[in-house]
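Thank you for making time this morning. I would like to walk you through one structure, so please bring it up on your screens and keep the sequence beside it.

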Amino acid sequence: MADFHGVFPYLVSPVDPAGHVRTEVLGRLCDDLIKAGVHGLTPLGSTGEFAYLNNAQRMQVVQATIEAAQGRVPVVAGVAATTTADAVAQAKAYQKRGASGILAILEAYFPLVDAQVEAYFRAIADAVDIPVVIYTNPNFQRSDLTLDVIARLAAHPRIGYIKDASTNTGRLLSIMNRCGDQLKVFSASAHIPAAVMLIGGYGWMAGPACIIPKQSVELYNLCRRTRWDEAIALQRKLWRINEAFARFNLAACIKAGLAIQGYDVGDPVPPQAPLTAEQRKVVEAALRDLG
């Protein structure tokens, strides 16, 4: 099992109005994030607008990320589908292209019972030879993973990680208590990363790390060194970005932040809309305060 830890930015997917992926922009962003010290890259997470892209666009985003990384950091590619067959096909394709791991996401239209949810994630893990991160986000997923399902999936030899976006830090502690070393926990921007690290987390996978990578890496390093007073002081400063992230459309917020920093990542894919001028000022002010 590969050792995933630290800060994994959820990458945006730069798509122009004609639907073409701006691979050069994405490549430059990936290179700059790696130079800033991030520990991995995650294309096609929630910030990557996976639900709004077709399969060809998704493949381009993953391919561009892998090519930009050049093996310097692991690339954990998001796999999301409403059907198990589609998810398995995506996972196999991304592994073949060189992904280091899979972030498994369930898109459900009709409600599913626990056995069906478990079977979906298990099928993805059975189909590949690389580590799988299971992703739980009750704010967006119609059928979430229960603690019982998570505990059973943790016994799978390729499911070694979970990224939880529940906002419930007590749930993270329950997962850690139930699964022990079998399942390493990554937080989302919905959680306070320093708090998750304090209780035993391994890092975070989140969109804000795209626009504050150096500060995110610094926070992670302070936590790893158990310099908690300094970590909390920095976390308090960085939380303004998370607050903005929570107020606005996920992709629109991070894309605006990257545009402010000189990356021509474009607008969110319609029917999503870019931030208004007033909303953009909130992001600009937060970034300005962080230097």
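I will go from the core to a few strands, then to one buried serine, and end with a helix.

Before anything else, please keep in mind that this is a predicted model, and that the values I quote are computed from it.

Let me begin with the largest nonpolar core, which holds 106 residues, and in which Leu41, Tyr94, Phe121 and Leu258 touch the most other members. The largest share of this core comes from helix 2, residues 55–69, which contributes seven residues. If you centre your view on Tyr94 and set aside its neighbours within four places in sequence, you will find it in contact with Leu44, Arg58, Met59, Val62, Ile66, Ala77, Gly78, Val79, Ala99 and Ile102.

Now please turn to strand 4, residues 132–136, which is mostly covered, five of its five residues being buried. Which way do its side chains point? Val132, Ile134 and Thr136 point one way, while Val133 and Tyr135 point the other way, and all are buried.

Strand 4 has pairing partners that are worth following one after the other. Strand 3, residues 101–106, runs parallel to strand 4 and is joined to it by three bridges, with Ala104 standing opposite Ile134. Between these two strands the chain passes through helix 4, residues 114–127, and the resulting β-α-β crossover is right-handed. Strand 5, residues 159–164, also pairs with strand 4 in the parallel sense, here over five bridges, and Tyr161 in strand 5 is the bridge partner of Val133.

Next comes Ser187, which lies in strand 6, residues 184–187. Is Ser187 buried or exposed? Its relative accessible area is 0%, and because buried means under 20%, Ser187 counts as buried. Not counting residues up to four places away in sequence, Ser187 touches Lys163, Asp164, Pro193, Val196, Gly203, Trp204 and Met205.

Finally, please look at helix 11, residues 277–289, whose 13 residues reach 18 Å from the first C-alpha to the last, close to the 18 Å expected at 1.5 Å a residue. Its buried residues are Val283, Ala285, Ala286 and Leu287, and what covers them includes helix 9, residues 228–247, and helix 10, residues 250–260. Helix 11 is followed by Gly291, whose phi is positive, near 80°.

That is the tour, and I am happy to take questions.

How values were computed: Residues numbered from 1 in each chain as written. Predicted model: local features only at pLDDT ≥ 70, side-chain atom pairs only at ≥ 80, totals over all residues. Heavy atoms only, no water. Core = buried A, V, L, I, M, F, W, Y, C linked by side-chain atoms within 4.5 Å. Buried < 20%, exposed > 50% of the residue type's maximum accessible area, 1.4 Å probe, protein only. Helix = DSSP H or I, 4+ residues; strand = E, 2+ residues; numbered from the N terminus. Contact = heavy atoms within 4.5 Å. Expected span 1.5 Å × (residues − 1). Pairing = 2+ DSSP bridges. Right-handed = clockwise from strand over helix to strand, strands pointing away.
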